[in-house]
Every structure is written in C-alpha cells, then in structure tokens.
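Subject: The model you asked about

Hi,

Here is the structure, as promised. Have it open while you read and the notes should be easy to follow.

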Amino acid sequence: MSASAPAPAREDDSRAVRAIGLGKRYGNDHLAVDGLDLDVPHGAVYGFLGPNGSGKTTTIRMLLGLIEPSFGRCELLGEPMPDAIEKVLPRVGTLVEGPAFHPYLSGRENLRHLDDADPTTSPSTTSQRVDLALDRVGLLSAARKRFRAYSLGMKQRLALAAALLRPRDLLILDEPTNGLDPQGTREVRSLISQLAADGATIMLSTHLLNEVEQICSHVGIMHKGKLKAQGRLPDLNAEGATRVSVTTPSPAEAASVLKGLSLTDVDTTADTASALLGDMARDKIVVALVDAGVPVHGFTVAAPGLEDLFVSLTGEGFDVSA
Ligand SMILES: Nc1ncnc2c1ncn2[C@@H]1O[C@H](COP(=O)(O)OP(=O)(O)OP(=O)(O)O)[C@@H](O)[C@H]1O
C-alpha cells in the first residue's frame with residue numbers, strides 16, 4: 001500500500017451501548033426480544049421507543065446484566081456485558097426498577113443510606129456526594145423534606161439523584177417519566193437534557209413519541225421484539241414522505257392540478273387538497289395552481305414526523321399521548 005493511500009476503514013468501536021443479534025426467549029416459544037443490533041453513540045440521547053410490551057425493558061435488563069440473553073451479545077462503554085460487569089457498572093447510572101426509598105426519611109437521608117450501601121465509595125466523602133447529587137437534580141432546597149412529602153416529579157428526580165451519586169459516563173433509564181404528572185414530566189425531561197449537555201450519554205426507553213421528539217438526538221424504534229429502525233432523529237424523520245397541502249375553496253380543482261403534475265396519494269377535505277411532494281419543486285405547484293385559476297389561500301409543506309415513520313414501519317398506530 002502506498003504511503004498516501006487512505007487508512008483502511010476500521011470498525012468504529014467507540015459506542016456507549018452496542019448489541020449484536022441480542023435476543024431473549026421466555027419459555028419455549030415467546031420471543032420477547034428478537035435479534036437486536038443496537039448502536040448508541042457516545043454523547044447521544046437515545047430514545048428507545050416502542051409501545052408497551054415491545055421488549056424495551058427486557059432489552060435494558062439484558063444490557064445491564066440483570067437477566068441473561070438467550071442469544072447474541074452486548075457491550076456497554078466498549079466492554080462485554082455481563083463479563084465486565086464489575087468494571088462497567090460503576091460508570092453507568094440506571095433507573096430500572098427504581099431504588100426503594102424510605103417514606104419517613106428525608107431525601108438526603110435516603111441518599112446517604114444508598115451511598116453507605118455502596119462498598120466502592122469512601123464514607124468520609126458521603127456528604128459531598130449526596131449534596132452534589134441533590135444539587136444536580138435541583139433538590140438541595142428540599143433535601144430535608146421527608147420522601148413521602150415529595151411530589152411525583154421530585155420522587156423521580158431523587159431516583160435520578162441516586163443514579164448520580166457518582167460521576168457516570170452513561171445513564172440507562174427505563175421509562176423515566178412514566179406515571180408523572182405534566183409538571184413532573186417537564187422537570188425530569190429538563191433534567192435529562194441538562195445531564196446530556198454536561199456530557200453523559202443517555203439511553204432512555206419510552207412509549208411516548210413526543211418525549212423522543214423533545215429530548216432525543218437518536219431513536220431506535222421497537223415493535224414486537226424487533227428493532228425496526230434506528231439512527232439520528234433528523235435522518236429518520238427525513239425518511240418519511242413529505243406532503244404538500246393547499247388550502248382553497250376549490251379543493252377538487254386543486255386536486256386535479258396536483259394529479260396533472262403527477263403527484264401521488266392526492267387527497268381532499270372540505271377546504272384542502274394534499275399530495276405527496278416527491279421530487280416536485282414547490283414553486284412549480286403554486287404556478288400550476290395559479291395558472292389553472294385555483295384560488296390559493298394557504299400552501300404548506302409538512303415535514304414528516306416520527307409518527308408517520310412508525311406507522312409506515314409497523315403498519316400500526318401509536319399512543320402519542322402526554
Ligand atoms: N419474566 C417474564 N416472563 C415471561 N414473559 C415476559 C417476562 N418479562 C417480559 N415478558 C414479556 O415479554 C414481552 C416484552 O416485555 P417488556 O417488558 O420487555 O416490554 P416493554 O416494551 O418494556 O413494555 P412495558 O413498557 O410494558 O414494560 C412482553 O410480551 C412481556 O409480557
């Protein structure tokens with residue numbers, strides 16, 4: 001090879017989370033997770049998105065070494081799991097089943113108990129670690145309040161504080177906003193965005209499309225145990241089909257202009273005509289409408305969303321609530 005030849009492409013091994021053909025079978029015939037190839041780059045906020053029962057929790061439990069895969073393998077921070085569990089887990093904060101907090105102890109006392117139970121940390125620095133974690137989740141001013149007096153959002157933030165008792169390179173959070181009211185949901189989402197801005201890689205499972213759209217840079221779409229798509233959110237969104245929509249008092253005439261331009265999937269409502277944009281230049285469409293004498297009151301080109309992509313990949317609708 002000449003000195004100027006480009007270096008051969010190397011397999012990129014700098015992944016925060018990787019799974020290769022990972023699967024889990026319960027009993028003889030229930031394939032809960034079916035051969036996942038997961039790829040979570042460092043620095044990503046990766047939304048592991050899928051409806052209830054699609055296999056997200058089972059996958060997360062395998063990644064963390066809580067259950068054994070039936071086949072395939074996985075790595076966290078470049079290390080094989082579960083073989084490297086003792087080396088890796090101290091660098092990984094998790095929210096899977098949630099730590100059991102004592103209702104009559106304060107937030108600070110609860111964290112002290114959890115810190116005391118960690119044999120790898122020094123008791124002489126417990127107070128600093130606990131207060132730093134409380135500060136990061138915005139609970140320092142409520143540190144002396146009893147856990148049972150916390151709101152749902154505060155309880156979940158305390159669970160995140162428990163995951164942050166030591167510095168973490170990776171956070172794996174199973175449905176971190178599940179069961180929270182809108183205020184608690186906002187608090188936890190904003191905390192996740194802050195943690196990501198501070199440099200942690202975050203993988204979170206969710207069944208909420210808008211959660212992914214609000215806080216994630218990457219997404220993996222689960223359906224019936226299979227990973228149907230994954231990648232950067234803008235790239236996946238761009239894979240959907242863009243629609244053009246004309247608001248007009250003459251939708252039928254507008255529709256025939258769109259058809260005349262060979263646009264497909266033409267549809268009308270009482271005051272709109274719409275179609276897939278395809279490769280057509282949008283100004284050509286406006287000119288054609290005006291030339292045909294169609295009054296144009298509005299003209300929009302809708303970027304495709306995650307919901308469209310999910311429906312096109314799975315043929316099913318999606319719970320988009322909250
Ligand atoms: N311990 C188990 N034994 C048998 N089946 C299980 C077990 N755990 C999960 N399952 C089944 O595996 C499938 C995937 O469940 P999993 O909990 O991983 O999905 P999920 O996407 O996390 O959904 P949810 O958000 O409802 O937890 C489901 O059909 C579930 O009933």
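Below is what turned up, going from the whole chain to the sheets, the ligand site and one lysine.

First, a caveat: this is a predicted model, so please read everything here as computed from that prediction.

**The whole thing**

The protein has 322 residues, and 36% of them are buried. Its secondary structure adds up to 11 helices and 15 strands. If you want a feel for the dimensions, the C-alpha trace spans about 80 × 60 × 50 Å along its principal axes. Take the contacts between residues at least 6 apart in sequence: 67% of these join residues at least 24 apart.

**The six-stranded sheet**

I'd start with the open sheet of six strands, which runs in the order E7-E8-E9-E4-E10-E11 and has mixed pairing. Its edge strands are E7 (92–95) and E11 (226–232), and each of them pairs on one side only. From one neighbouring strand to another, the turn averages 10°, ignoring direction.

As a quick reminder, strands of a sheet pair through backbone hydrogen bonds, and they can do so parallel or antiparallel. You can see both kinds if you walk along this sheet:

- E8 and E9 are parallel to each other, with five bridges; isoleucine 172 has methionine 203 in E9 as its bridge partner.
- E4 and E9 are also a parallel pair, again with five bridges; here phenylalanine 48 is matched with serine 205 in E9.
- E4 (residues 45–49) and E10 (residues 218–223) pair in the parallel sense over four bridges, and leucine 49 sits opposite isoleucine 221 in E10.
- E10 and E11 go the antiparallel way, over six bridges, with methionine 222 opposite leucine 227 in E11.

That last pair is a hairpin with two residues between the strands, and lysine 224 takes a positive phi near 50° there.

Which strand of the sheet is mostly covered? That would be E9, where six of its six residues are buried. The cover is on both faces: Thr201, Met203 and Ser205 are buried on one side, and Ile202, Leu204 and Thr206 are buried on the other.

Next, look at helix H6 (residues 182–197). H6 packs on the sheet and touches E4, E8 (170–174) and E9 (201–206). The direction of H6 makes about 155° with that of E9. As for the way the backbone gets there, E4 pairs with E9 in the parallel sense, and so does E8. The chain passes from E8 through H6 to E9, making a right-handed β-α-β crossover.

**Around the ligand**

If the ligand is what you care about, this is the part to click through. The residues surrounding the ligand are Tyr26, His30, Ala32, Gly50, Asn52, Gly53, Ser54, Gly55, Lys56, Thr57, Thr58 and His207. Strand E2 (30–36) and helix H1 (56–63) are the elements that give two or more residues to this shell. Which element gives the most? It is H1, with three residues. By type, the shell divides into two nonpolar, nine polar and one charged.

**The four-stranded sheet**

There is also an open sheet of four strands, in the order E13-E14-E12-E15, and its pairing is antiparallel. E13 (264–268) and E15 (298–302) stand at the edges with a single partner strand each, so one side of each has no neighbour in the sheet. The twist from one strand to the next averages 15°. For one pair to zoom in on, try E12 (residues 243–247) and E14 (residues 272–276), which run antiparallel and are joined by five bridges. Serine 245 has serine 274 in E14 as its bridge partner.

**One lysine to look at**

Finally, find lysine 284 in helix H10 (residues 282–291). Is lysine 284 buried or exposed? Lysine 284 counts as exposed because just 10 other C-beta atoms lie within 10 Å, and the cut-off for exposed is 12 or fewer. Lysine 284 is also 23 residues from leucine 261 in sequence, while the two are 9.0 Å apart in space, C-alpha to C-alpha.

Have a look around and send me any questions.

Cheers

Notes: Residues numbered from 1 in each chain as written. Predicted model: local features only at pLDDT ≥ 70, side-chain atom pairs only at ≥ 80, totals over all residues. Pairing = 2+ DSSP bridges. Axes fitted to C-alpha atoms, helices over the stretch in contact; angles between N-to-C directions. Contact = placed C-beta atoms within 7 Å. Near = placed C-beta within 6 Å. Nonpolar A, V, L, I, M, F, W, Y, C, P; charged D, E, K, R; others polar. Buried ≥ 20, exposed ≤ 12 C-beta atoms within 10 Å, placed from the backbone. Right-handed = clockwise from strand over helix to strand, strands pointing away.
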